[in-house]
Amino acid sequence: MTTKAKLLAFTIDCSDPRALATFYSEVTGMEITYAEDEYAAITDGTTSIYFGRVAEREPVVWPSPDKQFHLDFRVPDIEKAAKEYVALGATRPEFQPGVTEEGTRWIVLQDPQGHLFCVCPEQS
């Protein structure tokens, strides 16, 4: 039997760890537990998101096959949350595969450093 692993953290490469930790702390409510120029961390006490400085990192163009990951977050009201996150520095790309004639199933956003994340309804 394969040893089962429990997710401890997810690390995001970025040019400004402190700023990105602040952004995601606002989005998630997770506490900033470490913030320096080279490295920062937020946590809910169980799972953490780490941010490591990679000065040369370039954001991907969306949509493209260069996307390596994205985070999904559940929220009570996706349109309201998207507006709030844009006010914090996120952008809302034109291409939205979750928006159809039947309605909005999810919204794709890019954080202030260009990483993609989705805002999803609590029930989906």
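A disulfide is taken here as a pair of cysteine sulfur atoms within 2.5 Å. In this predicted model, the number of disulfides is zero. Cys14 takes part in none, and the cysteine sulfur nearest to that of Cys14 belongs to Cys118, 19 Å away. For Cys118, the closest cysteine sulfur is that of Cys120, at 5.5 Å, which is too far for a bond. Both Cys14 and Cys118 are buried: the relative accessibility of Cys14 is 0%, and that of Cys118 is 6%.

The strands considered here fall into two open sheets. Strands of a sheet pair through backbone hydrogen bonds, in either the parallel or the antiparallel sense. One sheet is built from four strands in the order 1-4-3-2, with mixed pairing. Its edges are strand 1 (9-14) and strand 2 (31-35); each has a single partner strand, so one side of each has no neighbour in the sheet. On average, neighbouring strands of this sheet are turned by 20° against each other when direction is ignored. Within the sheet, strand 3 (residues 39-43) and strand 4 (residues 48-53) run antiparallel and are joined by five bridges. Tyr39 has Gly52, in strand 4, as a bridge partner.

The other sheet contains three strands in the order 5-9-8, and its pairing is likewise mixed. Strand 5 and strand 8 (107-110) form the edges, each pairing on one side only. From one strand to the next, the twist averages 30°. Strand 5 and strand 9 are parallel and share five bridges. Among the residues bridged to strand 9 is Asp72, whose partner there is Cys118. The buried cysteine Cys118, which is too far from Cys120 for a disulfide bond, is thus placed in strand 9 as the bridge partner of Asp72.

Helix 1 (residues 17-28) lies across strands of both sheets. In the four-stranded sheet, helix 1 crosses strand 1, strand 2, strand 3 and strand 4, and runs at about 10° to strand 3. In the three-stranded sheet, helix 1 lies across strand 5 and strand 9, at about 35° to strand 5.

Ser25 is a residue of helix 1 and is buried, with a relative accessible area of 16%. A polar atom of the Ser25 side chain lies 2.7 Å from the backbone oxygen of Met30. Met30 also appears among the contacts of Ser25 beyond four places in sequence, together with Ile32 and Ile42.

A second polar side chain, that of Gln110, belongs to strand 8. Gln110 is buried at 14% relative accessibility. One of the polar atoms of its side chain is 3.1 Å from the backbone oxygen of Gly114. When residues up to four places away in sequence are set aside, Gln110 touches Val60, Trp62, Ala90, Thr91, Pro93, His115, Leu116 and Phe117. Phe117, one of these contacts, lies in strand 9.

Aromatic pairs, for which ring centres must lie within 6.5 Å, number eleven in the model. In one of them, the ring centres of Phe23 and Tyr24 are 5.1 Å apart and the planes stand at 85°, so the pair is edge-to-face. Phe23 is buried at a relative accessible area of 4%, and Tyr24 is buried at 0%. Phe73 and Phe117 form another edge-to-face pair, with 5.9 Å between centres and 75° between planes. This pair links distant parts of the chain, as Phe73 lies in strand 5 (residues 71-75) and Phe117 lies in strand 9 (residues 116-121), 44 residues apart. Phe73 is buried with a relative accessible area of 17%, while Phe117 is buried at 0% relative accessibility. One aromatic cluster takes in Phe23, Tyr24, Phe51, Phe73, Tyr85 and Phe117. The cluster therefore includes both members of the Phe23 and Tyr24 pair, along with Phe73 and Phe117.

Note on methods
Residues are numbered from 1 along each chain as its sequence is written. This is a predicted model: local features need pLDDT of at least 70, side-chain atom pairs count only at pLDDT 80 or more; totals for chains, interfaces and linings use all residues. Side-chain values use heavy atoms; hydrogens and water are left out. Rings of Phe, Tyr and Trp (its six-membered ring) pair if their centres lie within 6.5 Å; planes under 30 degrees apart count as stacked, over 60 as edge-to-face and the rest as tilted. Buried means under 20% relative accessible area, exposed over 50%, partly exposed in between (1.4 Å probe, protein chains only). Helices (H or I, at least four residues) and strands (E, at least two) are DSSP runs, numbered from the N terminus. A polar contact is a pair of N or O atoms within 3.5 Å; within protein, one must be able to donate a hydrogen and the other to accept it, and residues adjacent in sequence count only if both atoms are side-chain atoms. Contact means heavy atoms within 4.5 Å. Two strands pair if DSSP finds at least two bridges between them. Axes are lines fitted to C-alpha atoms, for helices over the stretch in contact, and angles run from 0 to 180 degrees between N-to-C directions.
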